[in-house]
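Open the model in a viewer and keep a selection prompt at hand. The stops below go from one residue outward to its surroundings, then on to other parts of the chain.

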Amino acid sequence: MQKYSFYQHFEGWEEFVKRPLGERLPVFFREGRIYDVLFSQQFDRPFLDSLYDLTNRIRRIAKAREGARWLHDLHGHRRAMLYFVQPSTRTFLSFLNACHILGFHTSEIRDPHTSSEIKGESPEDSIRTFSSYVDLIVMRHPQEGFAEKTAWLLNVYSDRPVPLINAGSGSDQHPTQALLDVYTLQRSFEDRGGIEGKVIALVGDLKRGRTVRSLSYLMKNYPGVKLLFAAPPAFQIGEDIKEFLSNQGVPFEEHTSLEPLLGRADAIYMTRIQDEHDKDGKSESQYEDFCLRKRDLAKMKPDAIVMHPLPRRGEIEVAVDRDPRAMYWRQERNGMWIRAALISVIFGSDEEVRTEGERYLSDGSPAYSL
Ligand code: NCD
């Protein structure tokens, strides 16, 4: 029997969460600055552009020993908690290393069975306990909405609130993945007029894949983008995303196979089937039509890129990795740097990085050469 996972009732929460998102978001900002990072809808274009500039600066500063030392000293007095109670490799490691780049000391819980939740402590009380010891909480949790609930709780109930970053909330959102995805698109299309006007195919389990959901929300910031969704009939993109895109004037098409889209897309974003969400342990076997093989590369535009949030299973044949259009390993590396930049923004060291950090950029290396 799963012993943890009894959730508590908090006065005010039910009323709060029923309000439209736009009315809830101000709780997660402080003095005009993002504080809790929970949803992709929190990011607007000026924020995205300035975060990319900061990310490029941080990765260049970190390249030289003196610069890396200087960055490490920025938050040497801070501590972060990584509460990852759902499996994770790269998101966990990239956050851990992003924290270390900025000098944060870190602690972690990856299995609630090693915490007092096994004694019956509620997950909410666990989070409140973390806030007694640390200055930042990064959370991956299987339950949709739990990150928002605990961020709200810390803001409303706690005498020592700390910022909380959602590193994946059930099948709902993964906002920092969306940031690194857009950063990867931006870098890839730097010399081709940016993301604006590009055709982006999103392929796979679109119903339960939180990365595609979060990325779709960000597309409203890039005029002229067209989305092509390709998924098995049972795993089509959610109605809520379609409604959002229609309201924002982002054109999209829905397809049930990848093949016809190969020659149309400027970026092909592959995803895996999310069968860990299957309650009955069965997974759909109709994934054949949603794989990218070496032989498909010839049908793609010569300068199109292939992305994947990873982990992959069979969706991208390993032989594709050697094609210069395969961007997923770079995409993975980008994650650590953008997360370092995001944490710097939350803790207000971004201005210092832009001004004082400038002296570590004197080698004249271009921002995009890394
Ligand atoms: C994704 C996730 O956890 O949602 N992985 C990641 O964070 N890079 C995608 C997935 O698990 O399929």
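The model is a predicted one. Begin by selecting Trp13, which is buried because its relative accessible area is 9%, under the 20% cut-off. Trp13 belongs to helix H1 (residues 13–18).

Next, add Trp152, in helix H7 (residues 146–157). Trp152 has 5% relative accessibility and therefore also counts as buried. The two residues are 139 apart along the chain, and their pairing links distant parts of it. Display both rings: the centres of Trp13 and Trp152 lie 5.4 Å apart and the planes meet at 55°, so this pair is classed as tilted. The structure holds 15 aromatic pairs.

Which residues make up the aromatic cluster around this pair? Extend the selection to Phe10, Phe16, Phe28 and Tyr157, which form one cluster together with Trp13 and Trp152.

Now move to the sheet. Select strand S3 (residues 79–84) and strand S5 (residues 136–141), which pair in the parallel sense over five bridges. Within this pairing, Tyr83 stands opposite Met139 of S5. Widen the view to the open sheet of four strands, whose order is S4-S3-S5-S6, with parallel pairing. Its edges are strand S4 (105–109) and strand S6 (164–169), each of which pairs on one side only. From one strand to the next, the twist averages 15°.

The next stop is a helix pair. Select helix H3 (residues 45–61) and helix H8 (residues 175–188), whose axes come within 11 Å and cross at roughly 80°. H3 and H8 are therefore roughly perpendicular to each other. To see the contact, show Leu48, Asp49, Leu51, Tyr52, Thr55, Asn56 and Arg59 on H3, and Leu179, Val182, Tyr183, Gln186 and Arg187 on H8. By class, this contact of H3 with H8 has six nonpolar, three polar and three charged residues.

Stay on H3 and select Ile61, which lies in that helix. Is Ile61 buried or exposed? Ile61 counts as buried because its relative accessibility is 0%.

What does Ile61 contact, leaving aside neighbours within four places in sequence? The list is Gly67, Ala68, Trp70, Leu71, Val353, Gly357, Tyr360 and Leu361. For a last step, select Glu358 and draw a distance to Ile61: the C-alpha atoms are separated by 8.1 Å, although the two residues are 297 apart along the chain.

Key:
Residues are numbered from 1 along each chain as its sequence is written. This is a predicted model: local features need pLDDT of at least 70, side-chain atom pairs count only at pLDDT 80 or more; totals for chains, interfaces and linings use all residues. Side-chain values use heavy atoms; hydrogens and water are left out. Axes are lines fitted to C-alpha atoms, for helices over the stretch in contact, and angles run from 0 to 180 degrees between N-to-C directions. Angles under 35 degrees count as roughly parallel, over 145 as roughly antiparallel, 65 to 115 as roughly perpendicular and the rest as oblique. Contact means heavy atoms within 4.5 Å. Ala, Val, Leu, Ile, Met, Phe, Trp, Tyr, Cys and Pro count as nonpolar, Asp, Glu, Lys and Arg as charged, and the others, Gly among them, as polar. Two strands pair if DSSP finds at least two bridges between them. Buried means under 20% relative accessible area, exposed over 50%, partly exposed in between (1.4 Å probe, protein chains only). Rings of Phe, Tyr and Trp (its six-membered ring) pair if their centres lie within 6.5 Å; planes under 30 degrees apart count as stacked, over 60 as edge-to-face and the rest as tilted.
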